[in-house]
Amino acid sequence: MTRFTVNDRPVQYRMDPATPLLWALRDASNLTGTKYGCGTGDCGACTVDIDGEAVRACQVSIAQAEGRFVTTIEALSPDRGHPVQQAFAAENVSQCGYCIPGMVMAASVLLRRNDDPSDEEIDAAITNICRCGIYPRLRGAIRRAGRIMRGEEQVAAAPPPGITPEEAARAVPALRKP
């Protein structure tokens, strides 16, 4: 049995220890904000925060996560109040939105270390691929999130998801606890 912490909650997975973290999060824990993109670690759609590092969840086994702290997009801010989420909404970064959770997670890790990164530092830290081409807005949003974190700027709150987990479980039977 593999044990580690996901979103501040201890978890135990009775799965093959070689199972990619991505599939444990999505299939066993129903944390579907972490997306499957390429499966090779190139696209970054599956980026999560493991012990303060932006990590591609498709490239880490649950055995490698043993004893570590994993944070997914779901725990970054349930009400979309995190500065990165606020800035992404304010800068209209999202297009199709598929890559956005991974980009938000990578950006949050970057800004935790450096709340005023240069374009070069942003480009080096955010290697995620977006087929919609949001890169110019992405840099602007990351710089704006840094200003929000430093207290230099405020933005109107992005709207909350509009549905509580409990309401979602009533609407989608697969989300109900057994």
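Visitor: What is the handedness of the crossing of α4 and α6?

Guide: Happy to start there, with the reminder that this is a predicted model. The axes of α4 and α6 come within 11 Å and cross at roughly 45°. That makes α4 oblique to α6. As for the hand of the crossing of α4 and α6, it is right-handed.

Visitor: Which residues of α6 meet α4?

Guide: Helix α6 spans residues 135-149. On the α4 side of this contact are M103, A107, L110 and L111. Their partners in α6 are Y135, L138, I142, A145, G146 and M149.

Visitor: Is α4 mostly enclosed or open, and how many of its residues are buried?

Guide: Helix α4 covers residues 100-113, which is 14 residues. The buried ones are I100, P101, G102, M103, V104, M105, A106, A107, S108, V109, L110 and L111. The helix is therefore largely enclosed by the rest of the structure, and the number of buried residues is twelve of the 14.

Visitor: What length does α4 reach from its first C-alpha to its last?

Guide: At 1.5 Å a residue, a span of 20 Å is expected for α4. The model comes close to that expectation, as the first and last C-alpha atoms of α4 are separated by 20 Å.

Visitor: How are α3 and α4 oriented to each other: parallel, antiparallel, perpendicular or oblique?

Guide: Helix α3 covers residues 83-90. Its axis is 9 Å from that of α4, and the two pack at an angle of about 125°. The crossing in which α3 passes α4 is right-handed. Since an angle of about 125° lies outside the 65 to 115 range for roughly perpendicular and is not over 145, α3 and α4 are oblique.

Visitor: Which residues of α3 meet α4?

Guide: From α4, the contact involves I100, M103, V104, A107, S108 and L111. Facing them from α3 are V84, Q85 and F88.

Visitor: Which residue forms a salt bridge with D49?

Guide: D49 sits in strand β3 (residues 47-50), and its partner is in helix α4, 63 residues apart from it, so to speak of distant parts of the chain is fair. D49 counts as buried at 6% relative accessibility, while the partner counts as partly exposed at 47%. The closest N and O atoms of the pair are 2.7 Å apart, and the partner is R112.

Visitor: Where do E91 and R144 lie, and how many residues apart are they?

Guide: These two form a salt bridge, with the closest N and O atoms 3.0 Å apart. E91 is partly exposed at 25% relative accessibility, whereas R144 is buried at 18%. E91 lies in the loop between α3 and α4 and R144 in helix α6, so the bridge ties together parts whose separation in sequence is 53 residues.

Visitor: Which residues do salt bridges with shared partners join into one network?

Guide: Another salt bridge to look at is the one between R147 and E153, at 2.7 Å from N to O. R147 is partly exposed with a relative accessible area of 27%, and E153 is buried at 18%. Through shared partners, salt bridges form one network of E91, R144, R147 and E153.

Visitor: Is N92 buried or exposed?

Guide: N92 lies in the loop between α3 and α4. Its C-alpha atom is 9.3 Å from that of I134, although the two are 42 residues apart along the chain. With 55% relative accessibility, over the 50% cut-off, N92 counts as exposed.

Visitor: Which elements help cover the buried residues of α1?

Guide: Helix α1 covers residues 21-28, and its buried residues are L21, L22, A24 and L25. Just after α1, N30 takes a positive phi of about 55°. The cover over the buried residues of α1 includes β1, β2, β3 and β5.

Visitor: What pattern does the protein chain follow along the sequence?

Guide: The chain has seven helices and five strands. Of its 178 residues, 43% count as buried. Among contacts between residues at least 6 apart in sequence, 59% join residues at least 24 apart. Read along the sequence, the pattern is β-β-α-β-β-β-α-α-α-α-α-α.

Notes: Residues numbered from 1 in each chain as written. Predicted model: local features only at pLDDT ≥ 70, side-chain atom pairs only at ≥ 80, totals over all residues. Heavy atoms only, no water. Helix = DSSP H or I, 4+ residues; strand = E, 2+ residues; numbered from the N terminus. Expected span 1.5 Å × (residues − 1). Buried < 20%, exposed > 50% of the residue type's maximum accessible area, 1.4 Å probe, protein only. Salt bridge = Lys/Arg side-chain N within 4 Å of Asp/Glu carboxyl O. Axes fitted to C-alpha atoms, helices over the stretch in contact; angles between N-to-C directions. Parallel < 35°, antiparallel > 145°, perpendicular 65-115°, else oblique. Left-handed = near helix turned anticlockwise from the far one by under 90°. Contact = heavy atoms within 4.5 Å.
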